[in-house]
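Good morning, colleagues. Please look at the model on the screen while I take you through a few of its features.

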Amino acid sequence: MANDKTNSYEEVRRQRVLDNKKRFEDLGILNISKNLSDISKSEKKSDYKTELRRVRQKANDVYMSEPRRSARARNPVPTYRDEIDIELPSLRKRSKFSSSWASYLARPLEEVKVASYEEKVQALKCAEKLHSNLQSDNPFFIKTMVRSHVYSCFWLGLPTRFCRDHLPKSTVDVLLVDEEGIEYEALFIGKRTGLSGGWRGFALDHKLDDGDALVFELVKPTKFKVYIVRASQCSSEVDKSGAEKGESEAEETPKSETKNRKNKSEVPTIAKEEVSVVVASATRRSSRRK
């Protein structure tokens, strides 16, 4: 029974396919589809031929324009050098005061200074001396300025140990008071232990330079008294003191030389007197014995 059902189904399906094919032939649909397929194949072949001809022509052009260093026959490899135009920037040496770095400066390039190691050390010593003269028991720290503190970026990192012992762990507003009593608000970020917002205004108003040493004295939980020691002034003062010391030493040397000369001249006179005394005593003894 099952085989009879499948056979009947196949016969019905085959008959339906034949009927549909006959209808397509009567309507001319089969011829139309065949013509369209032939046209598309011919167009594809023509496109492929034209593309292949263009590539070969371009390869020949490249072969004629570029010099060959090998005697071997060249393969017709397409090149895209003429189609792609990539303009690479010219290489340049970056200097300390390059235009890219100068674009981030908040002050004119003429005011930018680079302090030497000796100037920084001298400013640090002057700052330590200044704090010892204050005779204050408040916690403090000394910070030497670099270019990122005073010319660009304006991020001032504080000593981690000082922040852990004396400053809050959160982000708070602090006051910076200069030597004239003018107050500046700044933002202290506890997680990063540094001053961000507001420090820029303090640095620019006081025209801080590279190498300057600042004494930060914590007078209140969130208030600093700031003392500024200029590296340029310290170096000039040291030069003046060295010159004065040299002059004083130069004045003292002739005095010491004259004293030495007097002492040398007195030595032989004393020796002569002693010799005369000894001779006189000897003559007296000899006369008594006689």
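Over residues 266-272, pLDDT (the predictor's confidence in each residue, from 0 to 100) stays under 50. For that stretch the model has zero contacts, meaning heavy atoms within 4.5 Å, beyond four places in sequence. Where pLDDT is low, the predicted coordinates should not be read in detail. The protein chain averages a pLDDT of 75, and 61% of the residues score at least 70.

This is a predicted model, in which local features need pLDDT of at least 70 and side-chain atom pairs count only at pLDDT 80 or more, while totals for chains, interfaces and linings use all residues. Residues are numbered from 1 along each chain as its sequence is written, and side-chain values use heavy atoms, with hydrogens and water left out.

I turn now to the strands, which are DSSP runs (E, at least two residues) numbered from the N terminus. β3 and β4 run antiparallel and are joined by six bridges; Asp173 has Leu187 as its bridge partner in β4. β3 also runs parallel to β7 (residues 223-229), with three bridges, and there Val177 is partnered by Lys225.

Which residue lies in the loop between β3 (172-177) and β4 (183-189)? One such residue is Asp178. Asp178 is buried (under 20% relative accessible area, 1.4 Å probe, protein chains only), yet has no salt bridge, that is, no side-chain nitrogen of Lys or Arg within 4 Å of its carboxyl oxygens. The nearest side chain of opposite charge, Lys225, is 5.8 Å away. The side chains of Asp178 and His206 do share a polar contact of 2.9 Å, a term for a pair of N or O atoms within 3.5 Å, where within protein one must be able to donate a hydrogen and the other to accept it, and residues adjacent in sequence count only if both atoms are side-chain atoms.

Conventions:
Helices (H or I, at least four residues) and strands (E, at least two) are DSSP runs, numbered from the N terminus. Buried means under 20% relative accessible area, exposed over 50%, partly exposed in between (1.4 Å probe, protein chains only). Lys and Arg count as positive and Asp and Glu as negative; His and the chain ends are not counted. Two strands pair if DSSP finds at least two bridges between them.
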